[in-house]
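Okay, everybody, thanks for coming. I'd like to walk you through one model today, starting with a single helix and working outwards. Let me put it on the screen.

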Amino acid sequence: FLANSVFYTSGIGSSQDLSVLDIPVVQDLPGVGKNLQDRLFLELVTVQDPESHHRTSYIDSPSALEQARKEWSKNKSGPLSDYYLPQMIAYLKSDKIASAQEFEDLDDQTRRLMRAETKPFYEIVSQNPSPSVKAPEKYLSTAVAFPGNHGSGSVRLASSNANDPPIIDPKFLSHPFDKRVAIESVRETLAFLKQPLMAK
């Protein structure tokens, strides 16, 4: 986002945006700060059986943390040897998404790309640390991620001071296909998390 701030404060960008901020226009380039593309992650968190894992057992316990550090220093084993390292990552297709009207409404080239064997509709990444859960609860955090964002976002200055945080509008879920992918992928992931082995 810094590049856009440099352009804008240098007078390069949309003359309309620059005039609002009383920045003299050096070059009218309406495309500056436009067509922002980013990835959306949705976090699903389930609280688990207290005996399901030990990952958070030492976070709120100074004595348990000290013991874990000693074990790691001595022979590189114990809780710190696999702190959030084992992850489940899956790149998934979806019949529900492929048969949705929102998919059919995409242009031919985009549909061909999305149908490619190596192009997932969505990803799931599990065993992540979660800022939404406080230790010592045992939880499983699963992020549902979308490889592409069909909406087009923007970045613009909030003021003529480049040090002020910019106004960022990623336009997440503004495209009908993105909404359909989000709905179906969350439904499928929740169904997966309810399977007996995952629900422990």
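Find helix α6 first, residues 108–115; its buried residues are T110, R111 and M114. Those residues cover an arc of only 100° around the axis, so they end up on the same side of α6. Now turn to the other side of α6, and you'll find Q109 and R112, which are exposed.

And what covers the buried residues of α6? The cover includes α5, at 101–104, and α7, at 176–193. Keep α7 in mind, we'll come back to that helix.

One more detail before we leave α6. At the start of the helix, D107 has a side-chain oxygen that comes to within 3.2 Å of the backbone nitrogen of Q109. So that's Q109 for you: exposed on its side of α6, with its backbone nitrogen in reach of D107.

Before going further, a word of caution: this is a predicted model. How confident is it? The protein chain has an average pLDDT of 84, and 84% of the residues score at least 70. Confidence peaks in α5, at 97, and it's lowest in helix α8, residues 196–199, where the mean is 74. As a rule, where pLDDT is low, you shouldn't read the predicted coordinates in detail.

Let's zoom out. The protein chain has eight helices and nine strands in its secondary structure. There are 200 residues, and 34% of them count as buried. If you take the contacts in the protein chain with a separation of 6 or more, 66% of them come from residues 24 or more positions apart.

Now the sheets. One of them is an open sheet of four strands, antiparallel, in the order β4-β7-β6-β5. At the edges stand β4 (41–47) and β5 (88–92); each has a single partner strand, so one side of each has no neighbour in the sheet. On average, neighbouring strands here are turned by 15° against each other, if you ignore direction.

How many bridges join β4 to β7? Seven, and β4 and β7, residues 139–145, run antiparallel. If you want a spot to look at, L44 stands opposite T142 in β7. And here's α7 again: that helix packs on the sheet, touching β4, β5, β6 (122–126) and β7, and its direction makes about 25° with that of β4. So you've now met α7 in two places, as part of what covers the buried residues of α6 and packed on this sheet.

On to another open sheet, this one with three strands in the order β3-β8-β9, again with antiparallel pairing. Its edge strands are β3, at 34–36, and β9, at 167–169, each pairing on one side only. From one strand to the next, the twist averages 35°.

Let's go across it strand by strand. Two bridges hold the antiparallel pairing of β3 and β8, and there you can see L36 opposite G153 in β8. Next, β8, residues 153–156, pairs with β9 over three bridges, also antiparallel. Have a look at S154, which stands opposite D169 in β9, and at R156, which stands opposite I167 in β9.

While you're looking at strands, here's a general reminder: in a regular strand the side chains alternate between the two faces of the sheet.

That's the tour, folks. Feel free to spin the model around, and shout if you'd like to go back to anything.

Technical notes: Residues are numbered from 1 along each chain as its sequence is written. This is a predicted model: local features need pLDDT of at least 70, side-chain atom pairs count only at pLDDT 80 or more; totals for chains, interfaces and linings use all residues. Side-chain values use heavy atoms; hydrogens and water are left out. Buried means under 20% relative accessible area, exposed over 50%, partly exposed in between (1.4 Å probe, protein chains only). The arc is that of the directions from the helix axis to the C-beta atoms. Contact means heavy atoms within 4.5 Å. A polar contact is a pair of N or O atoms within 3.5 Å; within protein, one must be able to donate a hydrogen and the other to accept it, and residues adjacent in sequence count only if both atoms are side-chain atoms. pLDDT is the predictor's confidence in each residue, from 0 to 100. Two strands pair if DSSP finds at least two bridges between them. Axes are lines fitted to C-alpha atoms, for helices over the stretch in contact, and angles run from 0 to 180 degrees between N-to-C directions.
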